[in-house]
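Open the model in your viewer and keep the selection box handy. We will hop from stop to stop, picking a few residues each time.

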Amino acid sequence: MILFTKLFLAHLIGDFLLQPNKWVLHKEEKKAASKYLYFHVLIHLAATMLLLWDLSYWKIALAIFVSHYVIDLLKLYVNPLFENKSIPFFIDQLLHIIVLYCCAYFDNLWIHTLEFFELLDWNLLTAAVFVSFPAAIIMSKLLEKMSEQLEMDHKSLPNAGKYIGIIERLFVLAFIILDQWAAIGLLITAKSVFRFNDLKESNSRKLTEYILIGTLISFGIAIITGIVYINI
């Protein structure tokens, strides 16, 4: 923890205390050709080594130096793609912190990663993956002929139905694992309430039947998957 704290302090000093706004503007304009980009990463290297005060950590300092240069360079080139400039800023900071964490906890991180994979419930992971996109693809194949007979609603969000189905199946799977079968009934009721206005306005028997069949198949897949999981 002390090592991570020192690395994080060096990052704060290099990124915020010792980086004038003039440098930031020059980097955004010149990008890789900006001399201040290299001054900036050298300051990070110096601050890291100064706070660690131990030459045996030179590999960590070098890793931070190289990664900081790469992350900052990528940020300079993708920054114009975002209207909201706070997004690349926070992504940039998050990536830096992840690098610091990995450098500080590399040995423990590797051990804990191995322990995590040993303790991982592979049956549960497989069940969760199955009820997500694979189940969505299976449903799209089963309902393909029916969907061709419906008028497309261009006002709906792209792929909204697919993601709603994935989320509801994950909820159903979780409820079965937790032995909360009543919650599945509440979920079906809630979905019916939200769908009621759509069905009322469309006044389409085909759409009603399509949604009903799709809902039953979706819940059926999730329920069967949950039952198989708890009985393995």
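Start by selecting F4: at 15% relative accessibility, F4 counts as buried (buried means under 20% relative accessible area, exposed over 50%, partly exposed in between, using a 1.4 Å probe and protein chains only). Before moving on, know that this is a predicted model, where local features need pLDDT of at least 70 and side-chain atom pairs count only at pLDDT 80 or more, while totals for chains, interfaces and linings use all residues. Residues are numbered from 1 along each chain as its sequence is written, and side-chain values use heavy atoms, with hydrogens and water left out.

**Stop 1: F4 and its ring partner**

Add Y101 to the selection. Y101 is partly exposed, with a relative accessible area of 40%. Ring pairs such as this one are part of a set: a search of the whole structure finds 10 aromatic pairs (rings of Phe, Tyr and Trp, the last by its six-membered ring, pair if their centres lie within 6.5 Å; planes under 30 degrees apart count as stacked, over 60 as edge-to-face and the rest as tilted). For F4 and Y101, the ring centres are 6.2 Å apart and the planes stand at 75°, so the pair is edge-to-face. The two ends come from distant parts of the chain, with F4 in helix α1 and Y101 in helix α5, 97 residues apart. Now add F8, and you have a cluster of F4, F8 and Y101 linked by ring pairs.

**Stop 2: another ring pair**

Next, select W23 and F39. Their ring centres are 6.1 Å apart and their planes are at 55°, so this pair is tilted. W23 sits in helix α2 (residues 21-30) and F39 in helix α3 (residues 35-52), so the pair ties together parts that are 16 residues apart in sequence. W23 is buried at a relative accessible area of 15%, whereas F39 is partly exposed at 39%.

**Stop 3: zoom out**

Colour the whole chain by secondary structure. You should find 12 helices and 0 strands (helices, H or I with at least four residues, and strands, E with at least two, are DSSP runs numbered from the N terminus). Of the 232 residues in the protein, 29% are buried. Residues 24 or more positions apart account for 73% of the contacts with a separation of 6 or more (contact means heavy atoms within 4.5 Å).

**Stop 4: helix α5**

Select residues 86-104, which form helix α5 with its 19 residues. From first C-alpha to last, α5 reaches 27 Å, close to the 27 Å expected at 1.5 Å a residue (the expected span is 1.5 Å times one less than the number of residues). Highlight its buried residues: P88, D92, Q93, H96, V99, L100, C103 and A104. Look down the axis, and these buried residues fall within an arc of 145°, so they line one face of the helix (the arc is that of the directions from the helix axis to the C-beta atoms). Which residues are exposed on the other side of α5? Pick F90 and L94 to see them.

**Stop 5: the largest nonpolar core**

Now select L3, F4, L7, L52, I60, I64, I71, V99, L100, C103, A104 and Y105, the 12 residues of the largest nonpolar core (a set of buried Ala, Val, Leu, Ile, Met, Phe, Trp, Tyr and Cys residues joined through side-chain atoms within 4.5 Å). Helices α1 (2-17), α4 (58-78) and α5 each supply at least two of its residues. The most come from α5, which gives 4. Click on L7 and show its surroundings: leaving aside neighbours within four places in sequence, L7 is in contact with T48, L52, I60, I64, L100, C103 and A104. Apart from this core lies another, of 7 residues, among them F175, I176, A183 and F219.

**Stop 6: the loop residue Y57**

Go to the loop between α3 and α4 and select Y57. Y57 counts as partly exposed at 30% relative accessibility. Not counting residues up to four places away in sequence, Y57 touches L3, M49 and L52. Draw a C-alpha to C-alpha distance from Y57 to C103: 9.9 Å, with the two 46 residues apart in sequence.

**Stop 7: E168 and E209**

Select E168 in helix α10 (residues 160-177). Is E168 buried or exposed? With a relative accessible area of 6%, E168 is buried. Beyond the residues up to four places away in sequence, E168 touches L187, K191, S218 and F219. Finish on E209, in helix α12 (residues 205-230). E209 is partly exposed at 39% relative accessibility, and its C-alpha lies 9.5 Å from that of M146, 63 residues away in sequence.
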